[in-house]
Structure formats: C-alpha cells, structure tokens
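Visitor: Please give me a close look at a single part, the interface between the chains. Then set it in its surroundings.

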Amino acid sequence: MPDERHILSLLVENKPGVLSRIAGLFSGRGFNIESLCVAETLDAGISRLTLVTKANEAVLEQIFKQLNKLVDIIKVTDFTDVPAVTREMVLIKVSAKPENRAEILRIVDIFRCKVVDVSSEHYTVEVTGDQGKMAAILDLLRPMGIKEIARTGINALSRETKGRNGGR
Amino acid sequence: MVAAEGVDTIFGFPGGAVIDLYDELARTDIRHILARHEQGAVHAADGYARVSGKVGVCLVTSGPGATNTVTGIASAYCDSIPLVVFTGQVPSHLIGNDAFQEVDIVGITRPCTKHNYLVSRVEDLAQTVREAFYLARSGRPGPVLVDLPKDVVKAVTTFKETSEKPFIRSYNPTYEPNVKQLKKVVRALVDAKRPMIFAGGGIILSKASADLTKLARRLSIPVTTSLMGLGAFPGTDPLSLGMLGMHGTYRANMSTAHCDLMLGIGVRFDDRVTGKTDTFAAQAKIIHVDIDPTSIRKNVPVWLPVVGDCRVTLEKLNALLDEEDLSEVPARREKWLAQVDEWRRAMRLAYNQKDIIKPQYVVERLHALTHGDAIISTEVGQNQMWAAQYYKFQRPNQFLTSGGLGVMGYGLPAAIGAQVAAPDRLVVDIAGDGSIQMNIQELATAVQYRLPVKVAILNNGYLGMVRQWQELFYDKRYCETCMEHAPDFVKLAEAYGALGLRATRPEEVDGVIQKALAHPGPVMMDFRVEREESVYPMVPAGAPITEMLLV
C-alpha cells in the first residue's frame, strides 16, 4: 500500500493540552505530520486544526480512529474525499539588491502577492495560494537570495458546509 | 463528592500536597487502605476494580507520589481497567516553577490514560470528578487521572449532587452494534464448517460470559481465550481450547491455523497472540467485535467488523439465533470437533514430576486444593504462564494479571485489592522469586488490614522467563538472570508479621498449601522448584503460532 498525502480537518475542544494530545498521539504511534495549522473558530470553545499527513490506507484508518478516540476531539474530516479549498501562506524574506528590486516586484505582481515589509537589504513578501504556486515563486526568488521563510502549513475548508458544523 | 460516585474504598499514600484531602477524608465513611508504595496502591485499586466491578480509586501526593503511579496506570490502560487516580499538585501559583515535589503528571500520563485533567478552579472540580468516573467506566474502560493543585482542594465550594450522566460532546461510545452486520455474523457462524471463537478481556469487562457460553454451546463452536479472557469461558468445558498464542495450548494454536471462520470478540489481536500476522488464521475469515474501533484492523485484516459492546452484541446474536433452525449444526461440526479432540489428545499440557518440585505441579495442586475456586493473581513471567495454563478458570474476574503491560510486582498488591473487594473469598498470588521482590513491601499492607492473601512463590532463583529465552535463543548465556541472592522468604514473611512456609520436596507441597489455606492471616509460601524448568509450548516471538516448541 503506497503512502498518500491526506489533509485532515479536526474540530477540537479549545482547551490546554489538546495540541499536545494530538502531537503525542502522532509521535507515540509513529504517524507522520507534514504540517499543522490551528486557531479558534467562531465558537471560542472550539478550534479547527488542519493537519497534513502521509500514510497508506491502513495507517490512515488508524490515524482516523485514534484521533476520534481522543476525548477532546469533536470531529475529524479527511479532505481527500471532500471538495475543499486548500491554501497556504508563506512569508519570504528575499534579499533585495538594487539591481533585483524591479524584477522582484514584477514577480510579486505576476503572482498577485504583496510586499509587506521593505528594508534597505530585503523585501518580505506575503504569498497565499496552493502548494504549486508556493513552489513556483520560491524557485523564481531563489536566485535573488532568499534569507528565510515562514510557512503556515496548509489550511483548508470544505466547499460545502453540511450539518451542524456549519457556521464554524 | 467522590462518595456520590459510589466509592467506599480508596487506596493511597498521603503527602504534603494532599494533606488537606486526607484531613477531609478522615471525616467521611470512605475506607482508606494505606499502601506502602504508590505503585502498590494503583495495582491494588486495579485488583479491586476487577473483582468488585466498580471503579478503583487511588489518592496520592504530587511529584514522586504521582510518578510512582505511572506503571500502575499504564498497566490498567493496557488492560482496560476502570480507575480514577487523584494526584496532588503544587499550588496553582507555583505550577511551572519547578517547585518542591512538582511534576507535570498530566503531561507524563497523557499517553497512558484514557483521559486526564488538571483542575484549575474549584468550581470545575465537581464536574471534572463526574466526567472522570463516567469516562473510566463507560465505553472501553480505562484509567483517568485528575490532578488537584493544593489551593484548589483547599478552597470551599458548594456541591450539588446530581445523578445525571455527564455530557461530553466529543465522547459517545458505540454500545449498539449494527444489526445488518449481525445478520451476516449469524449466517457465517451457522454455515461455517470449522469455526472458532477467540474471546478476550472485553467479555469479562462487559459481563458477557454467560451470553458467550450460551452462543458457543448452542452452535458447538470451540472457544479459545487470550490471557485477559481466561475465565470468560469455563476452562473445563469440552469446547474450551484453553489459551492461544505464544504459550497457548497445542489445540488452540492448531485450531487457529485451520479454522475457516474466527469470531474475535473483546480482543485486540496482540502480538503475543498472533505471532507472525501473515500466517495467523490464514484460512479464516475474521469477524471482529469490539467497542473500541481502533482495535479493529489494527493488527490483522478483518472480514467483518462490528463496533459494539460485547454483551449487547452477544445478546442480540443469541436473539437472532433463536429464530434460526440449528438442528443441522451439530452434524456440520462433527468432523471439526473430532479434529480438535485429536489435537487435544495428541499434545496435552504436561510435565514430569520426579524428585524436585515442578512449578506446574504446585499450580495444579493449588487448583485441586482450592477446588478451582480461588481468585488468582499473578506476577509476570513463567509464574504467570504456568498459572494461566494449569489453573482452570471457571468464571470471569477469577484471574488477575497484568496482561498487556506485563508488570512484575503486580500480583501481591492486586491480590490485596481483590481481597478488600471480596473479603470472604480465597485470594492467591502465584509469584516468582524475582517478581515478588518488586512490590514485596505490600505484605505490610496485607498484615495491617488483616487481608489473608496467600502468596505462592515458585522459587527457581532465576528471572525464569528471560532465562528461558536465553536458554533457547542465546546459547544458554544467562546474563544477569540469576538471582544469586534472595531473602529468606519464610523469615521475611515472619518479619512482616505474616506466616512463612517452605516446601523443598514434592511430598511437602500439599501440606504447605493446606497449612496456608487453614491459616487465617496472610501467608507467604516458598516453593523451591526445578530451577531450569521452561514454559511449553512456546512459539518464538514473530514466528507463526503453529511453530511451537513442545518440550
């Protein structure tokens, strides 16, 4: 069984220690976490946690069941089977030498992202999009000298809200 | 408040962080059993829970008190035993300061509890305690830890008693199995030519033993059990195959390899049961019933999964079977049962009692002289396997053992807990000379509370199970398994105020057991057994379970 990438969306109790329960479950059972993104929902008592993992079918079934077994987890959805919008945001601090500045701004324009901070040495660019877009802009900016980046990890929402989780 | 959950007994050990709780406890009707080590308190609560069917409760202090409970909690978690463990914690304003006797016990026990809590406000205390007991006893039971900062328990609040089931929106165990699935199960069970049932601790926890026995007998299906399932099906029934797995019986392991249908119920297909999973029950379609969905398809592929409570499921299966014509079932099974019987006769559990006491002989004599009716606890290792093989358990909750985690030092405190729960029953801890020394201090607890537990040490001067592995797989290099020095267990028992007895020759065994059983207080029996006796059959770890070493 080959490993496949899955985006899991979890609704969890917004309580201390919940993240540690989830992280501990993954490390203790040898599951993999590629990225993790978490913040509270409209209901301050509930957080949404978006997690990307690579697993084969059997392991994914265990991940699903083990997550559901944690008392503080309210709902787990696999966005592989559900039409969903997935986005990631990355901040890129790129070296901005005078001869490169115009080119960087052109790339930023083409990719419809924006420069959110400017200094004498560098630009900080905010890019939002899918992973293909991230890879493309990182490739284009790399020759200019990327100093550091910060990625949010994938965030996702299903296209249709259904049932009682609507409004969160 | 704890009394409102039906608690009348607590096992514990006081300390600075819980001194206020103890002060309050003295003013209630709750009985407190003072252990000699916090690990002993948790194992005792575990033994108490198994025998009483109630939630076992434990109260210890912060820091080392809390960390000493971890092994006991982890054992109860593996064996799905309902416990609530209260730990003291330093005052809220000191948490995170590395204060005296501070430890993040909630962090430490996260992976070995069903759930745990740090209570930060006294207003939340009542709700938390109710949730803790509810979680511990419902669904797949397990230990729940509640960490109580000193200032929170010192604070005063009003407590309103309520009998309502606490609502936890994210927790809703499935008791009722899917009826469509059950109909398929019935069809498969009736039609199978070579079916077998593999029953485990879930049968005991859900009190489904009678329903299981009824189902097996009306369908003439042989039953094997896991270690945790011993007693779920009468060990002397002709359909009983005994235990399967690494030290399972020949007939149980052969049946597993040849059956065409296996109903696994309340089991988790542990590696000590399956051996090499690719060859486990390779000819069989596996039906797996369990209340915990994570158990299903974790270790072996399952043909028909059923999520539900074992008792509810068996009741419904029996109800569905009432509508079936079962008249042709016995004929359909004839050949299969004859084959099972052939295996039974081909290779019985056996040993050869000559001049030196055989450990198996001690267990068989214990079985005979206690009329098979004692509550047996065990330590871990050879003593545990011989107890499992040679004591024929008739009913659930008669056999207490640390099955999943395999904790040496479990048996004596568990026996104490069992004796507290059942003061009129005979409780025997079958021990090894290595294991008993891990929690031997609890003998003082037994003497203090006049709990007449009997400890039978199968004393071979070795850490016998590891020695056995060294003999078989490490060219007899007995590295650090020889217990060269041990205390004189007879004198030690006397020092604790218990009765000490010793048997060095086979003909002394009966006399020692009879004397122990007649004595009204705790007894420690030292049986000097054959030093290099091994547990057979044995399947090497990771091998197919048909590849048994047979003596």
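Guide: The interface comes first, then chain A, then chain B.

A word on the ground rules. Residues are numbered from 1 along each chain as its sequence is written, while chains are lettered from A and ligands numbered from 1 in the order of writing. The model is predicted, with pLDDT of at least 70 needed for local features, pLDDT 80 or more for side-chain atom pairs, and all residues used in totals for chains, interfaces and linings; side-chain values rest on heavy atoms, without hydrogens or water.

Now the interface. Chain B brings 17 residues into contact with 16 residues of chain A. Contact here means heavy atoms within 4.5 Å. The size of an interface is often given as the accessible area lost when the parts come together. Between chain B and chain A, about 1,500 Å² is buried, and 44% of that lies on carbon and sulfur atoms. Buried area is the accessible area (1.4 Å probe) that two parts lose on being put together, summed over both. Three residues stand out on the chain B side. B:Arg110, B:Arg169 and B:Ser170 supply 41% of the area that chain B buries against chain A, more than any other three residues.

Next, the charges. Three salt bridges cross from chain B to chain A. The rule asks for a side-chain nitrogen of Lys or Arg within 4 Å of a carboxyl oxygen of Asp or Glu. A:Glu13 and B:Arg169 meet in a salt bridge, at 2.7 Å from N to O. B:Arg169 is also one of the three residues just named for buried area. Polar contacts add to the picture. Eight residue pairs are in polar contact across the interface, both residues at pLDDT 80 or more. Such a contact is a pair of N or O atoms within 3.5 Å; within protein, one must be able to donate a hydrogen and the other to accept it, and residues adjacent in sequence count only if both atoms are side-chain atoms. On the side of chain B that touches chain A, six residues are nonpolar, four polar and seven charged. In this scheme Ala, Val, Leu, Ile, Met, Phe, Trp, Tyr, Cys and Pro are nonpolar, Asp, Glu, Lys and Arg are charged, and the others, Gly among them, are polar.

Step back to chain A. Its secondary structure comes to four helices and nine strands. Both are DSSP runs numbered from the N terminus: H or I over at least four residues for a helix, E over at least two for a strand. The order, from the N terminus on, is β-α-β-β-α-β-β-α-β-β-α-β-β. The C-alpha trace spans about 55 × 40 × 30 Å along its principal axes. Of the 168 residues of chain A, 42% count as buried. Buried is under 20% relative accessible area, exposed over 50%, and partly exposed in between (1.4 Å probe, protein chains only). Among contacts in chain A with a separation of 6 or more, 73% join residues 24 or more positions apart.

One salt bridge in chain A has such a reach. A:Arg5 pairs with A:Glu34, the closest N and O atoms being 3.4 Å apart. A:Arg5 sits in strand β1 (residues 4-13), and A:Glu34 in the loop between α1 (18-28) and β2 (35-40), 29 residues apart. Both ends are partly exposed: A:Arg5 at 35%, A:Glu34 at 39%. A second bridge is local. A:Glu61 and A:Lys65 meet at 2.8 Å, N to O. They are four residues apart in helix α2 (residues 57-69), so about one helical turn separates them. A:Glu61 is partly exposed at 26%, whereas A:Lys65 is buried at 18%.

Chain B has a longer link to show. B:Arg187 forms a salt bridge with B:Glu324, with the closest N and O atoms 3.3 Å apart. B:Arg187 lies in helix α8 (residues 179-191) and B:Glu324 in the loop between α13 (310-322) and α14 (329-346), so the pair ties together parts 137 residues apart in sequence. Through shared partners, salt bridges join B:Arg187, B:Asp191, B:Glu324, B:Glu328 and B:Arg332 into one network.

Last, helix α19 of chain B (residues 464-473). Its B:Gly464, B:Met465, B:Arg467, B:Gln468 and B:Gln470 are buried. The buried residues of α19(B) pack against α16 (382-390) of chain B. After α19(B) comes B:Asp475, with a positive phi near 50°.
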